[in-house]
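Biologist: I have a new chain on my screen and would like to learn how to read it. Could you take me through it feature by feature?

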Amino acid sequence: MRGARTSAALLGGGAALLLSLLWMPALLPAASRLLSLPRALLSMASGSPPTQPCPTSGSGYIPGSVSAAFVTCPNEKVAKEIARAVVEKHLAACVNLIPQITSIYEWKGKIEEDSEVLMMIKTQSSLVPALTDFVRSVHPYEVAEVIALPVEQGNPPYLQWVCQVTKSLSSSSTVVP
């Protein structure tokens, strides 16, 4: 009886191997799609910025090389001060201020509701850590919100402009956004 179970187990294992070999060609397209996920998605999962910088002039846009970062501020005065500073420091090409948002959140065990100003900051993804450090150093909140999302697609001349303006700290001339 014991020998019969062993033979059945081996046949079952062999059948499983045979089936997996037969199904392998059907699985290859799905596997190749997984392997070709954009670098930006992989970098999002790892929490690190894309490894490639913005493209040089004349080359195509690299998805994820530009990011939109979001920062909330208690009022327009603080938002304008931070926005002006990050643009002057070339940590951002452009900052949009969106006034009168309402934020509802839990803080220290209590549900809070505040009126805030949202900053939408366009920058190179590689500059997000420096942008975050700067915002944290000047922001009045105990824990400043800085969230960045990679830009996969957009108007190529605009994305190129973001890269040009933030490319070097020495460039002070800008093109129209």
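Modeller: We'll go from the overall fold to the sheet, the helices, the cores and a few single residues.

Modeller: Two ground rules before that. This is a predicted model, so local features need pLDDT of at least 70 and side-chain atom pairs count only at pLDDT 80 or more, while totals for chains, interfaces and linings use all residues. Residues are numbered from 1 along each chain as its sequence is written, and side-chain values use heavy atoms, with hydrogens and water left out.

Biologist: How many helices and strands does the chain have?

Modeller: Helices (H or I, at least four residues) and strands (E, at least two) are DSSP runs, numbered from the N terminus. Here the chain has five helices and four strands. Reading from the N terminus, the order is α-α-β-α-β-β-α-β-α.

Biologist: Next, the sheet. In what order do the strands lie?

Modeller: The general idea is that strands of a sheet pair through backbone hydrogen bonds, either parallel or antiparallel. For counting, two strands pair if DSSP finds at least two bridges between them. In this model four strands make an open sheet in the order β2-β3-β1-β4, and the pairing is antiparallel. β2 and β4 are the edge strands, each pairing on one side only. From one strand to the next, the twist averages 30 degrees.

Biologist: Which strands form a hairpin?

Modeller: β2 and β3 do, with two residues between them. Strand β2 covers residues 94-107 and strand β3 residues 110-124, and twelve bridges hold the antiparallel pair. Within that pair, isoleucine 104 stands opposite glutamate 113 in β3. Elsewhere in the sheet, β1 and β4 run antiparallel and are joined by five bridges. Valine 66 stands opposite valine 151 in β4.

Biologist: What packs on the sheet?

Modeller: Contact here means heavy atoms within 4.5 Å. Helix α3 packs on the sheet and touches β1, β2 and β3, its direction making about 130 degrees with that of β2. Helix α5 (residues 156-167) also packs on the sheet, touching β1, β2, β3 and β4, with its direction at about 90 degrees to that of β3.

Biologist: And how do I read two helices packed together?

Modeller: Two packed helices are described by the angle between their axes and the distance between the axes. Axes are lines fitted to C-alpha atoms, for helices over the stretch in contact, and angles run from 0 to 180 degrees between N-to-C directions. In this structure, helix α3 (residues 76-88) and helix α4 (residues 128-138) pack at about 145 degrees, with axes 11 Å apart. On the α3 side, Ile82, Ala85 and Val86 meet Leu131, Phe134, Val135 and Val138 of α4.

Biologist: Where is the largest nonpolar core built from?

Modeller: A nonpolar core is a set of buried Ala, Val, Leu, Ile, Met, Phe, Trp, Tyr and Cys residues joined through side-chain atoms within 4.5 Å. Buried means under 20% relative accessible area, exposed over 50%, and partly exposed in between (1.4 Å probe, protein chains only). The largest core has 19 residues, and those touching the most other members are Cys73, Ile82, Val86, Val95, Met119, Ile121 and Leu131. β1 (66-73), α3, β3 and α4 each give two or more residues to this core, and α3 gives the most, with six. Leaving aside neighbours within four places in sequence, valine 95 is in contact with Ala83, Val86, Val87, Met119, Met120 and Ile121.

Biologist: Is alanine 144 buried or exposed?

Modeller: Alanine 144 counts as buried because its relative accessibility is 18%. It lies in the loop between α4 and β4 (147-151). Not counting residues up to four places away in sequence, alanine 144 touches Val135 and His139. Its C-alpha atom is 8.2 Å from that of cysteine 73, although the two are 71 residues apart along the chain.

Biologist: What should I know about phi?

Modeller: Most residues other than glycine have a negative phi, and most peptide bonds are trans. Glutamine 100 has a positive phi near 55 degrees. Glutamine 100 sits in strand β2 and is exposed, with a relative accessible area of 72%. Lysine 108 also has a positive phi, of about 55 degrees. Lysine 108 belongs to the loop between β2 and β3 and is exposed, at 64% relative accessible area.
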